[in-house]
Amino acid sequence: MNDCLFCKIITGDIPCSKVYEDEFVFAFRDINPQAPVHVLVLPKEHICCADKIDGTNSHLVAKCFEAIAKIASAEGLTNGYRVINNCGEDGGQTVKHLHFHVLGGEKLSEKMA
């Protein structure tokens with residue numbers, strides 16, 4: 001996707017604070033962190049949102065969650081963390097590239113709003 005912000009970050013056209021990369025997954029620190037640790041984890045292949053996960057690309061979601069466990073360990077999130085996905089406008093998705101927010105580093109509120 002030529003106009004996708006996250007695709008441009010993955011290719012290095014836009015700088016970021018990268019924390020993880022492998023063949024399938026890219027992860028970087030959120031520029032507007034909502035917790036002491038706030039990392040965005042996304043598949044390198046462009047999938048616009050959770051609604052578009054299917055049998056041809058669901059293995060990439062599994063790769064994201066495998067990476068999330070590694071990132072959480074590397075970030076010292078031994079007492080827990082939260083993983084969030086926003087899907088669509090009403091769900092608060094602002095960048096149309098499937099991604100997961102990993103939040104931690106402090107006791108998070110049970111309240112989501």
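**Salt bridges, cores and a pocket**

Trainee: Quick one to start with: how many salt bridges does the count come to here?

Mentor: The count comes to 4 salt bridges, and please keep in mind as we go along that this is a predicted model.

Trainee: OK, which residue does Arg29 pair with, and how far apart are the N and O atoms?

Mentor: Arg29 meets Glu75 through their side chains in a salt bridge, with 2.8 Å from N to O. This pair links distant parts of the chain, since Arg29 is in strand β2 while Glu75 is in the loop between α2 and β4 (81–84), and the two are 46 residues apart.

Trainee: And why does Arg29 count as partly exposed?

Mentor: Arg29 has a relative accessibility of 32%, so it counts as partly exposed, and Glu75, at 24%, falls into that class too. To be called buried, a residue would have to be under 20%.

Trainee: Where do Glu66 and Lys63 lie?

Mentor: Both of them lie in helix α2, 3 residues apart, which is about one turn of the helix. Their side chains meet in a salt bridge at 3.8 Å, N to O. Glu66 is partly exposed, with a relative accessible area of 45%, and Lys63 counts as partly exposed at 28%.

Trainee: What about Lys18, which residue does that one bridge to?

Mentor: Lys18 forms a salt bridge with Glu21, and their closest N and O atoms are 2.8 Å apart. There is also a network of salt bridges, in which Lys18, Glu21 and Lys44 are linked.

Trainee: Changing topic: in the largest nonpolar core, which residues touch the most other members?

Mentor: Those are Val39, Val41 and Ile71, out of the 18 residues in that core. The elements that give two or more residues to it are β2 (25–29), β3 (37–43), α2 (58–74) and β5 (100–104), and α2 provides the largest share, with 7 residues.

Trainee: So what is Val39 in contact with, leaving aside its neighbours within four places in sequence?

Mentor: With those neighbours set aside, Val39 is in contact with Val19, Ala27, Phe28, Arg29, Ile71, Phe100, His101 and Val102. You will recognise Arg29 there as the partner of Glu75 in a salt bridge. Apart from this largest core lies another core, of 10 residues, and Cys4, Phe6, Ile9 and Val95 are among them.

Trainee: Next, what volume does the largest pocket have, and which residues lie nearest its centre?

Mentor: The volume of the largest pocket is about 340 Å³. Its lining consists of 22 residues, and Phe6, Asp30, Ile31, Leu40 and Val95 lie nearest the centre. Two of these names, Phe6 and Val95, also belong to the core of 10 residues.

Trainee: Which element gives the most to that lining, and how do the lining residues divide?

Mentor: α1 gives the most to the lining, with 3 residues, while α1 (5–11), β2 and β3 each supply at least two. By type, the lining residues divide into 10 nonpolar, 10 polar and 2 charged.

Trainee: Last one: where is Tyr81, and what does it contact beyond four places in sequence?

Mentor: Tyr81 has its place in strand β4. Leaving aside its neighbours within four places, Tyr81 is in contact with Ile68, Ala69, Ala72, Val102, Leu103 and Gly104. From Asp3, however, Tyr81 is 31 Å away in space, C-alpha to C-alpha, and 78 residues away in sequence.

How values were computed
Residues are numbered from 1 along each chain as its sequence is written. This is a predicted model: local features need pLDDT of at least 70, side-chain atom pairs count only at pLDDT 80 or more; totals for chains, interfaces and linings use all residues. Side-chain values use heavy atoms; hydrogens and water are left out. A nonpolar core is a set of buried Ala, Val, Leu, Ile, Met, Phe, Trp, Tyr and Cys residues joined through side-chain atoms within 4.5 Å. Buried means under 20% relative accessible area, exposed over 50%, partly exposed in between (1.4 Å probe, protein chains only). Contact means heavy atoms within 4.5 Å. On a 1 Å grid over the protein atoms alone, a cavity is a set of points where a 1.4 Å probe fits but cannot get out, and a pocket is an open set with protein on both sides within 12 Å along at least five of seven lines; lining residues have an atom within 4 Å of a point. Grid points are joined across faces, edges and corners, and a volume is the space filled by probe spheres set on the points. Ala, Val, Leu, Ile, Met, Phe, Trp, Tyr, Cys and Pro count as nonpolar, Asp, Glu, Lys and Arg as charged, and the others, Gly among them, as polar.
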